[in-house]
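Reader: I'm new to this one. Can you walk me through it?
Author: Sure. Here it is.

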Amino acid sequence: MTYLVLENCIKCKHTDCVEVCPVDCFKEGPNFLVIDPDECIDCGVCVPECPVDAIVPDTDKNVDVVFWTELNTRLAKKWPTITKRKAALPDADKWKDTPNKLDLLEE
Ligand code: SF4
Ligand code: F3S
């Protein structure tokens, strides 16, 4: 099992989540974060930290778990670890809850 970062994070990237992860398994891209499924210990403490509810367990039946697990796994291999909170992206509030942001993901 792992936790996954979903589409809501794209173009927001609040980074509150990274401060609480006990095993530093968040990886940072230009406008999105992912969790490394190989490092996540399934503690769940990051979930309530995200202001846009972008983090879910891979047991969540409302999401395409196969797709999001593959995306988190693939990007975790190429992006660097982030452990310190930083300012959210400038238009984070504007993009909050905007649907269909996947095409805007920068790798
Ligand atoms: Fe880190 Fe726990 Fe969140 Fe996994 S569930 S990413 S170990 S804080
Ligand atoms: Fe993204 Fe939420 Fe973390 S917006 S960076 S998953 S706090």
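Author: Let's start with one residue. Glutamate 28 is buried, as its relative accessible area is 16%, under the 20% cut-off. One note: this is a predicted model.

Reader: OK. Which residue forms a salt bridge with glutamate 28 at 2.8 Å?
Author: Lysine 13 does. Their closest N and O atoms are 2.8 Å apart. Lysine 13 lies in the loop between β1 (3–5) and α1 (16–20), and glutamate 28 in strand β2, so the pair ties together parts 15 residues apart in sequence.

Reader: Is lysine 13 buried or exposed?
Author: Buried, with a relative accessible area of 6%.

Reader: What does glutamate 28 do with lysine 86?
Author: Glutamate 28 forms a salt bridge with lysine 86, again with 2.8 Å between the closest N and O atoms. Lysine 86 sits in the loop between α2 and α3 and glutamate 28 in strand β2, so this pair ties together parts 58 residues apart in sequence. Lysine 86 is partly exposed, at 41% relative accessibility.

Reader: How many salt bridges are there in the whole structure?
Author: Eight. One of them joins arginine 85 and aspartate 16, with 3.2 Å between the closest N and O atoms. Arginine 85 lies in the loop between α2 and α3 and aspartate 16 in helix α1, so that pair ties together parts 69 residues apart in sequence.

Reader: Which residues form a salt-bridge network?
Author: Glu70, Arg74, Lys78 and Glu107 are joined into one network by bridges that share partners.

Reader: New topic. What surrounds ligand 2?
Author: Twelve residues by class: eight nonpolar, two polar and two charged. Among the residues around ligand 2 are Lys13, Asp16, His14, Cys9, Cys17 and Cys50. The space that ligand 2 takes is the largest cavity.

Reader: And rings? How many aromatic pairs are there?
Author: Three, over the whole structure. In one, phenylalanine 32 and tryptophan 79 have ring centres 6.4 Å apart and planes at 80 degrees, so the pair is edge-to-face. Phenylalanine 32 is in the loop between β2 (26–28) and β3 (33–35), and tryptophan 79 in the loop between α2 (65–78) and α3 (92–95), so the pair ties together parts 47 residues apart in sequence.

Reader: Is phenylalanine 32 buried or exposed?
Author: Buried, at 0% relative accessibility. Tryptophan 79 counts as buried too, at 8%.

Reader: Which rings make up the cluster?
Author: Phe32, Phe67, Trp68 and Trp79, linked by ring pairs. Phenylalanine 67 and tryptophan 68 are edge-to-face, with 5.1 Å from centre to centre and 90 degrees between the planes.

Notes:
Residues are numbered from 1 along each chain as its sequence is written. Chains are lettered from A and ligands numbered from 1 in the order in which they are written. This is a predicted model: local features need pLDDT of at least 70, side-chain atom pairs count only at pLDDT 80 or more; totals for chains, interfaces and linings use all residues. Side-chain values use heavy atoms; hydrogens and water are left out. A residue is near a molecule or strand if one of its heavy atoms lies within 4 Å of it. On a 1 Å grid over the protein atoms alone, a cavity is a set of points where a 1.4 Å probe fits but cannot get out, and a pocket is an open set with protein on both sides within 12 Å along at least five of seven lines; lining residues have an atom within 4 Å of a point. A molecule sits in a cavity or pocket if more than half of its atoms lie within 2 Å of its grid points. Ala, Val, Leu, Ile, Met, Phe, Trp, Tyr, Cys and Pro count as nonpolar, Asp, Glu, Lys and Arg as charged, and the others, Gly among them, as polar. Rings of Phe, Tyr and Trp (its six-membered ring) pair if their centres lie within 6.5 Å; planes under 30 degrees apart count as stacked, over 60 as edge-to-face and the rest as tilted. Helices (H or I, at least four residues) and strands (E, at least two) are DSSP runs, numbered from the N terminus. Buried means under 20% relative accessible area, exposed over 50%, partly exposed in between (1.4 Å probe, protein chains only). A salt bridge is a side-chain nitrogen of Lys or Arg within 4 Å of a carboxyl oxygen of Asp or Glu.
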